Amino acid sequence: MKRLMTCIECPQGCRLEVEADGTRLISVTGYKCKRGQAYARQETEAPSRTLTTSVLTRGLELKMLPVRTSKPIPREKLFAAMEAVKRIVVTSPVKAGSVIAPDFLGLGVDLVACRRLEKA
Ligand code: SF4
């Protein structure tokens, strides 16, 4: 099966034509550098995304804390990750980069704070 995708590895946004047999990459055209080829392979064989969202807080200066995963996680885990995020409540001040949930969902990545938050 052939499909089009846009490489998001740099602002050039090359249009890639990808041929795959399920999750097996057969060919890629349209890339201007090797990163595009690698991106097409990753997207075909093991798509992943960095989760960016917010968690609830209690007793801090804002009601929500923006968070993200420290690395991309498998795309099929995003729903479970969002469900887990709903159960998190941060009650202590944090700095940008503070780990909110280590080894989040056992995926080998941390959920980290995107900004500093102080007590209310
Ligand atoms: S293929 Fe290379 S040049 Fe094109 S968008 Fe991807 S990283 Fe940028």
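Here is a short tour of this predicted model, moving from the whole chain to one set of strands and then to the ligand.

**The whole chain**

Start with everything shown as a cartoon. You should find 2 helices and 10 strands, and reading along the sequence gives the pattern β-β-β-α-β-β-β-β-α-β-β-β. The radius of gyration is 18 Å, well over the 14 Å that the globule rule gives for 120 residues, so the protein is more spread out than a compact globule. Rotate the C-alpha trace and you can follow its span of about 55 × 25 × 20 Å along the principal axes. If you colour by burial, 20% of the 120 residues count as buried.

**Strands β5, β6 and β8**

Next, select residues 52-57, which are strand β5, and residues 64-69, which are strand β6. These two strands pair in the antiparallel sense over 5 bridges. For one landmark, show S54 and look across to P66 in β6, which stands opposite. Now follow the chain through the 6 residues between the strands of this hairpin. Stop in the turn at G59, where phi is positive, about 80°.

Keep β5 on screen and add residues 89-90, strand β8. Here the pairing is parallel, over 2 bridges. Pick T57 to find its bridge partner in β8, V90.

**The ligand**

Finally, centre on the ligand. Which residues surround it? Select C7, E9, C10, Q12, G13 and C14, then add Y31, K32, C33, R35 and G36. Colour this shell by residue class and you get 5 nonpolar, 3 polar and 3 charged residues.

Definitions and conventions: Residues numbered from 1 in each chain as written. Predicted model: local features only at pLDDT ≥ 70, side-chain atom pairs only at ≥ 80, totals over all residues. Pairing = 2+ DSSP bridges. Helix = DSSP H or I, 4+ residues; strand = E, 2+ residues; numbered from the N terminus. Near = placed C-beta within 6 Å. Nonpolar A, V, L, I, M, F, W, Y, C, P; charged D, E, K, R; others polar. Rg over C-alpha atoms; globule rule 2.2 N^0.38 Å. Buried ≥ 20, exposed ≤ 12 C-beta atoms within 10 Å, placed from the backbone.
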